[in-house]
Amino acid sequence: MSFEEIPLFGVPVARATVHETPALKEQYLPEILKRYESGSYNKQTKFSSDRIHTSYGSKNEEQVMHPMPEAYDRLIRQFVGTNNFHARIWHSVYWSGREYQERAHHLPGHISFLHFLSFDPAEHKRPVFYSPAGVTRAHCHQDAVDFALWSEQAKIEFYAGDALVFPSYLEHCILAGDYKNPMVIVSISVSVAGLDRRDISTGYRHGD
């Protein structure tokens, strides 16, 4: 699995290619869209939006992707140098209801992944990321200075099957769009236990 480092607001971000995407899409997308069309997920209290379709908040054993696919385990292990971690997984669908995700983070996780399971760059909108020093950067706004130095927002180029890897504190949103085809994003939030390496157990535990 290959990845490329991308500097974003001085924060370490990576774009990884998940080569197993076609197989994951074939295996899981039909059930994900079936649940979307049946309206099986209730609005989460965490979100103020009523136009969001996400399995966030559901127990891991209730997720479509349970148990966690090996492809995601390998992806995590590229960036997490311990066996003692706790991973939560969920999916979100953006399609005919002009769904969107308001500005949010994945705390109290440590590292997060967004895998674009179903994505068409010609149709779908990319996530918007926000600088963790947004207030400071906004006050530094000066047209004579390069835009990248003061902008609070940024987007990252990626392709279908890519995964964005970033620290969980980095806020982001998904803007609403009028789509003919579904955009499906799989999210993973990983928390690492603060144990001495000699005390690390093998394997990982799924979320709540």
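Two strands count as paired if DSSP finds at least two bridges between them, and this idea is needed for several of the exercises below, all of which concern a predicted model.

**Exercise 1. Find the strand partners of S9, and say whether S9 is buried or exposed.**

Solution. Begin with phenylalanine 166 in S9, which is the bridge partner of serine 112. This bridge belongs to the pairing of S6 with S9, two strands that run antiparallel and are joined by 5 bridges. Next, take valine 165 in S9, which stands opposite alanine 14. That position leads to strand S2 (residues 11-17), which pairs with S9 in the antiparallel sense over 4 bridges. Finally, consider how far the strand is covered: S9 spans residues 162-167, and 6 of its 6 residues are buried.

**Exercise 2. Work out the order of the strands in the open sheet of 4 strands, and explain which strands stand at its edges.**

Solution. The order of this open sheet is S5-S10-S7-S8, and its pairing is antiparallel. Strand S5 (101-104) and strand S8 (153-154) each have a single partner strand, so one side of each is left without a neighbour in the sheet, and these two therefore stand at the edges. At the S8 end, the partner is strand S7 (residues 128-130), which pairs with S8 in the antiparallel sense over 2 bridges. One can locate this pairing through phenylalanine 129, whose bridge partner in S8 is alanine 154.

**Exercise 3. Describe helix H1 by its span, its bend and the elements against which its buried residues pack.**

Solution. First compare the span with expectation: H1 covers residues 21-38, which makes 18 residues, and reaches 24 Å from its first C-alpha to its last, close to the 26 Å expected at 1.5 Å a residue. Then look for a bend, which is found at tyrosine 28 and comes to about 45°, with proline 30 following within four residues. The next step is to list the buried residues of H1, which are Thr21, Leu24, Tyr28, Leu29, Ile32, Leu33 and Tyr36. To read such a list, it helps to recall that an α-helix has 3.6 residues a turn, so residues three or four places apart point the same way. The buried residues of H1 pack against helix H2 (70-79) and against four strands, namely S3 (53-54), S4 (85-94), S6 (111-118) and S11 (183-192). For contrast, glutamine 27 also has its place in H1, yet this residue is exposed, with a relative accessible area of 53%. Glutamine 27 and methionine 65 are 38 residues apart in sequence, while their C-alpha atoms are 9.4 Å apart in space. Just after the helix, glycine 39 takes a positive phi of about 60°.

**Exercise 4. Decide whether glutamine 101, serine 92 and lysine 180 are buried or exposed, and describe the surroundings of each.**

Solution. The cut-offs come first, since a residue is buried under 20% relative accessible area and exposed over 50%.

- Glutamine 101 lies in strand S5 and, at 12% relative accessibility, counts as buried. Leaving aside neighbours within four places in sequence, glutamine 101 is in contact with Ile52, Tyr94, His172, Cys173 and Ile174. A polar atom of the glutamine 101 side chain lies 3.4 Å from the backbone oxygen of histidine 172.
- Serine 92 lies in strand S4 and is buried, with a relative accessible area of 4%. Not counting residues up to four places away in sequence, serine 92 touches His53, Thr54, Met183, Val184 and Ile185. With threonine 54 there is a polar contact between the two side chains, at 3.1 Å.
- Lysine 180 is found in the loop between strand S10 (172-174) and S11 and, at 74% relative accessibility, counts as exposed. Leaving aside neighbours within four places in sequence, lysine 180 is in contact with Trp95 and Glu123. The C-alpha atoms of lysine 180 and histidine 124 are separated by 9.6 Å, although their positions lie 56 residues apart along the chain when counted as a separation.

**Exercise 5. Summarise the protein chain as a whole.**

Solution. Start with the secondary structure, which comes to 4 helices and 12 strands. Of the 208 residues of the chain, 49% count as buried. Turning to contacts with a separation of 6 or more, residues 24 or more positions apart account for 81% of them. The accessible surface, lastly, comes to about 10,800 Å², of which 50% belongs to carbon and sulfur atoms.

Note on methods: Residues are numbered from 1 along each chain as its sequence is written. This is a predicted model: local features need pLDDT of at least 70, side-chain atom pairs count only at pLDDT 80 or more; totals for chains, interfaces and linings use all residues. Side-chain values use heavy atoms; hydrogens and water are left out. The expected span of a helix is 1.5 Å times one less than its number of residues. The bend at a residue is the angle between axes fitted to the seven residues ending there and the seven starting there. Buried means under 20% relative accessible area, exposed over 50%, partly exposed in between (1.4 Å probe, protein chains only). Contact means heavy atoms within 4.5 Å. Accessible areas come from the Shrake-Rupley method with a 1.4 Å probe; for residues, only the protein chains shown count as cover. A polar contact is a pair of N or O atoms within 3.5 Å; within protein, one must be able to donate a hydrogen and the other to accept it, and residues adjacent in sequence count only if both atoms are side-chain atoms.
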